[in-house]
Each structure stands twice: as C-alpha cells, then as structure tokens.
Amino acid sequence: AQERKRTTTWADFIRAHLSVLAGTDFFSVEVLTLRGLVTYYVLFFIHLESRRVEIAGITPHPNEAWMKQIARNATMDEWGFLESCRYLIHDRDTKYCQSFRDIIESGDVKTLVLPPRSPNLNAFAERWVKSVKDECLSKLILFGEASLRRALSEYLAHYHAERNHQGKDNVLLFPATRKAINRVD
C-alpha cells in the first residue's frame, strides 16, 4: 500500500500528458465483395487532447510489412500524425509487432503497451470505435473497399467539423469555415 501512494495513477498520467498522448486501435468491418464477405481491419490513431482521428490504413491482411509502413507514415517528419506526440498507447494485439514499435520509437514516440483485458485504459480510442460503428457503419451495407473508405472519410469529416462532443463541453472539435460550409461539390 505504501508503494501505491508514491506512484502515479493512470488517470493522473493521462491528465498530465494529454497534449502529447495518442492512442491507436483496430476495428474490423465486414464488407460485401464479389468474393463474398471480407473482413477489413481499420487502423486509426487518435490524439487524446484534441480528439483528432486519422485513419492510418485499411486492409484485409494487416501483416508485419503493412504495419511497418504505417509506422513510417505516422512518424514522418512534418506531416506524420504522431509528430507532436511523445507517447502512443495501444493494446496487446499481436498486429502491433516489435518492428512496428521500434519504428514508432525511432520517431521519438514511446509506445505504452496496455495490460491485458483493460479496454478502459484506451477509452478515447474505444469510444471512437463505438461512435463510428453506431453512427455510421451499422447503418450501411458496404460494397467493396472503396465504399468503406468513402463512408469512413465522410464520417471523419462529420466527426471533426459537425458533431458536438460531450467530453469537450459539447463543442465542435474543428468547426468548418463558412466558405467550406457553403461550397457544394
């Protein structure tokens, strides 16, 4: 008990590092193709303070080579999603291979592997998965990878610019400018 009093709790760690912390996770989506139902895995990153989400990749086969490329993209100088982050939290999914973690850490981002069976420790990422599935994917029948990509792209635009967020005092995260709202494509 004495030792626990001197250590930082997870909630305190999150609060103290919110601006430099990102989370990542996978979720799967069943997509109808000419070959039948195919399971696609969607990998995303979420910046915890701003709640900005980026879809890092979509694939039916998230192998080590694919994960290494995602890690290189995420840590790329000047435009990689993790450029302003110091920590990346993720679960113990075997898709987060050692080479993925090594590349992330070579970009000065420390990976924090969460304990087994602890979804509440990556609550921001888990909540985003619930939102995208409940508000978007559960309402659609997706035909091919292109329709999945289009649905996620549209949902991200809505999530960032049009959807209010209770955890952020019901404000819009990144409100669209008036010019962008009036534009019709």
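These legends go with a set of close-up views of a predicted model.

**View 1. The whole chain, as a starting point.**
Before zooming in, it helps to have the overall layout in mind. The protein chain contains seven helices and seven strands, and from start to end they run in the order α-α-β-β-β-α-β-α-β-α-α-β-β-α. Of its 185 residues, 42% are buried. Among contacts with a separation of 6 or more, 54% join residues 24 or more positions apart. The exposed area of the chain is about 11,300 Å², with 51% of it supplied by carbon and sulfur atoms.

**View 2. The largest nonpolar core, with Trp128 in the picture.**
This core has 32 residues, and Phe27, Trp128, Leu137 and Leu148 have the most contacts inside it. Two or more residues come from each of α2 (10-17), β1 (21-33), β2 (36-47), β3 (53-59), β4 (87-90), α5 (123-135) and α6 (145-161). The biggest share is that of α6, which gives six residues. Find Trp128 and look around it: setting aside neighbours within four places in sequence, its contacts are Phe27, Phe44, Ile46, Val53, Ile55, Tyr155, Leu156 and Tyr159. There is also a second, separate core of 19 residues, with Trp66, Met67, Tyr96 and Val109 included in it.

**View 3. Where α5 meets α6.**
The axes of α5 and α6 are 11 Å apart, and the two helices pack at an angle of about 115°. Their crossing is right-handed. On the α5 side, you will find Trp128, Ser131, Val132 and Glu135; on the α6 side, look for Leu152, Tyr155, Leu156, His158 and Tyr159. Sorted by type, the residues of this contact are six nonpolar, two polar and one charged. A helix has 3.6 residues a turn, so residues three or four places apart point the same way.

**View 4. Lys133 and its partners.**
Stay with helix α5 for this one, since Lys133 sits in that helix. Is Lys133 buried, exposed or partly exposed? Lys133 counts as partly exposed because its relative accessibility is 31%, which falls between the 20% and 50% cut-offs. Apart from residues up to four places away in sequence, Lys133 touches Phe27, Ser28 and Ser138. Lys133 and Phe27 are 106 residues apart in sequence, yet their C-alpha atoms are 9.2 Å apart in space.

**View 5. The buried residues of helix α4.**
Helix α4 covers residues 98-106, and its buried residues are Ser99, Phe100, Arg101, Ile103 and Ile104. Those residues pack against β2, α3 (64-74), β4 and β5 (110-113). Past the helix comes Asp108, with a positive phi near 65°.

**View 6. Phe100, a closer look within α4.**
Phe100 belongs to helix α4. Phe100 counts as buried because its relative accessible area is 0%, under the 20% cut-off. Which residues does Phe100 contact, leaving aside its neighbours within four places in sequence? They are Phe45, Met67, Ala71 and Leu88. Phe100 and Thr111 are eleven residues apart along the chain, with 9.8 Å between their C-alpha atoms.

**View 7. Leu88 and its surroundings.**
One of the contacts of Phe100 is Leu88, so this view moves over to strand β4, where Leu88 is found. Leu88 is buried, with a relative accessible area of 0%. Beyond its neighbours within four places in sequence, its contacts are Ala22, Gly23, Thr24, Phe45, Leu82, Phe100, Ile104, Val109, Lys110, Thr111 and Leu112. From Leu88 to Lys110, 22 residues apart along the chain, the C-alpha separation is 6.2 Å.

**View 8. Two loop residues with positive phi.**
Arg51 lies in the loop between β2 and β3, and Glu78 in the loop between α3 and β4. Arg51 is not a glycine, although its phi is positive at about 70°. Glu78 is not a glycine either, and its positive phi is about 75°. Which of the words buried or exposed fits each side of this pair? Arg51 is buried, with a relative accessible area of 13%, whereas Glu78 counts as exposed at 70% relative accessibility.

Conventions:
Residues numbered from 1 in each chain as written. Predicted model: local features only at pLDDT ≥ 70, side-chain atom pairs only at ≥ 80, totals over all residues. Heavy atoms only, no water. Core = buried A, V, L, I, M, F, W, Y, C linked by side-chain atoms within 4.5 Å. Buried < 20%, exposed > 50% of the residue type's maximum accessible area, 1.4 Å probe, protein only. Helix = DSSP H or I, 4+ residues; strand = E, 2+ residues; numbered from the N terminus. Contact = heavy atoms within 4.5 Å. Axes fitted to C-alpha atoms, helices over the stretch in contact; angles between N-to-C directions. Left-handed = near helix turned anticlockwise from the far one by under 90°. Nonpolar A, V, L, I, M, F, W, Y, C, P; charged D, E, K, R; others polar. Areas by Shrake-Rupley, 256 points an atom, 1.4 Å probe, with all protein chains shown as cover.
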